[in-house]
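Student: Hey, can we go through this one together? I'd like to get the basics straight.

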Amino acid sequence: MSVIASIEAEYRRYKALADAAISQVGDEELPELGPGGSNSIEILVRHLSGNLRSRFTDFRTSDGEKPWRNRDDEFETASLSRQQLLDGWDEGWRVLFEAVGGLTEADLSATVTVRNQPMRIDEALHRSLAHAAYHVGQIVYVAKAMRSEAWKCLSIPRGGSQAHNQAARPENAAAHAAALASRITPRS
Amino acid sequence: MTRDPGLDQLLFLIDTAYDHASWHGPNLRGALRGVTPAVASWRPRPGRHNIWELLVHAAYWKYVAWRRLTGAKRGSFALAGSNWLSRPVAATARAWAEDLALLDRAHTTLREAVSALAPGTLDRPSAQKGVSRRALVTGVAAHDLYHAGQIQLLKRLKGGG
């Protein structure tokens with residue numbers, strides 16, 4: 001698996017984790033502050049998708065911090081409907097996957113800038129993946145706190161490791177993302 | 001022997017996710033810095049993981065990645081059990097320090113295994129079904145950060161961060 005394929009697979013895994021977590025949360029819970037007054041799922045979703053849209057729009061040809069991005073606004077409650085929120089979320093990831101899909105391994109040593117700081121494309125991708133995984137962990141944590149006992153586990157449940165290890169299915173990120181997607185119950 | 005630049009990329013990735021200066025905010029070791037055994041043991045409610053268990057879980061998966069890179073046999077993790085281990089056994093400073101050291105060792109051991117990979121072999125399969133060596137190590141870095149973000153939330157909830 002190439003560098004780009006391995007990074008893209010991890011991006012898809014973490015998007016799927018967040019999707020599966022968000023699908024378990026009620027509309028009214030999306031803007032609720034997280035544990036200890038921390039960011040709500042709505043804020044985390046808007047921040048991460050805003051970051052991705054800024055970083056990966058015209059990825060090769062313009063700075064990753066776009067003049068049109070209002071980062072501070074991402075941390076304000078916006079009272080969006082679930083559909084509005086998810087539309088923005090999906091758009092951020094769409095921009096990311098489109099940019100990553102247009103890359104070849106030969107592009108990885110080329111330079112892009114983020115806030116005028118030059119960096120190799122592979123470094124920019126690694127940084128972005130790190131940022132995404134960090135906030136998806138928080139989205140999942142906040143959603144799990146809201147669902148409590150009704151939470152549907154997104155990974156190997158406590159006590160389920162042996163059965164998981166004996167399963168014959170592939171264990172890569174794509175398989176994990178597909179398994180997560182199959183568990184989502186669409187909300188009306 | 002020519003050094004594989006892909007190895008340096010992977011080492012950069014796992015190091016910044018773990019304990020090297022990172023652009024994205026606290027990495028895993030940074031999130032654990034200054035955490036006391038009391039904070040590490042605290043659960044937001046019964047049955048939820050505490051910071052201590054997240055630490056051992058991260059150490060366990062670094063060990064699993066090492067095993068899958070090197071082909072070592074199962075069952076050699078330093079602690080009995082797998083994936084999610086109940087913690088603390090004793091909420092003491094010594095026990096906390098021992099598990100922090102366990103995590104550090106797991107990272108160092110994994111790092112050494114990545115460094116020792118032969119040039120040009122990153123895209124070969126690991127011992128994990130359907131997962132290349134490169135994908136395996138990339139996944140470990142993301143996993144560290146996934147839980148670092150959660151540790152930051154737990155610290156805030158407890159009021160210890």
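Tutor: Sure, one term to begin with: two residues are in contact if their C-beta atoms, placed from the backbone, lie within 7 Å. Also, this is a predicted model, where local features need pLDDT of at least 70, side-chain atom pairs count only at pLDDT 80 or more, and totals for chains, interfaces and linings use all residues. Residues are numbered from 1 along each chain as its sequence is written, while chains are lettered from A and ligands numbered from 1 in the order in which they are written.

Student: OK, so what does A:Ala133 touch?

Tutor: Leaving out residues up to four places away in sequence, A:Ala133 touches A:Tyr14, B:Ala142, B:Leu145 and B:Tyr146.

Student: And how many residues does the contact take from chain A and from chain B?

Tutor: It takes 34 residues from chain A and 34 residues from chain B. On the side of chain A that touches chain B, helix H1 (3-22), H5 and helix H7 (173-182) of chain A each give two or more residues. H5(A) gives the most there, with 14 residues. Helices here are DSSP runs (H or I, at least four residues), and strands are too (E, at least two), numbered from the N terminus.

Student: Which residues touch the most other members of the largest nonpolar core?

Tutor: Those are A:Leu17, A:Ala133, A:Ile139, B:Ile14 and B:Leu145, out of 87 residues in that core. Helix H5 (residues 121-147) of chain A gives the most to this core, with 14 residues. By nonpolar core I mean a set of buried Ala, Val, Leu, Ile, Met, Phe, Trp, Tyr and Cys residues joined through C-beta atoms within 7 Å. Buried means 20 or more other C-beta atoms within 10 Å of the residue's own; exposed means 12 or fewer, with partly exposed in between.

Student: Switching to chain B, how many helices and strands are there?

Tutor: Chain B has six helices and zero strands. Buried residues make up 47% of its 161 residues.

Student: Which residues in H5(B) are buried?

Tutor: B:Trp96, B:Asp99, B:Leu103, B:Ala106, B:His107, B:Leu110 and B:Val114 are buried in H5(B). What covers them includes helix H1 (5-18), helix H3 (37-41), helix H4 (51-70) and helix H6 (133-158) of chain B.

Student: What box do the C-alpha atoms of chain B fill?

Tutor: Taken along the principal axes, the box is roughly 50 × 35 × 25 Å.
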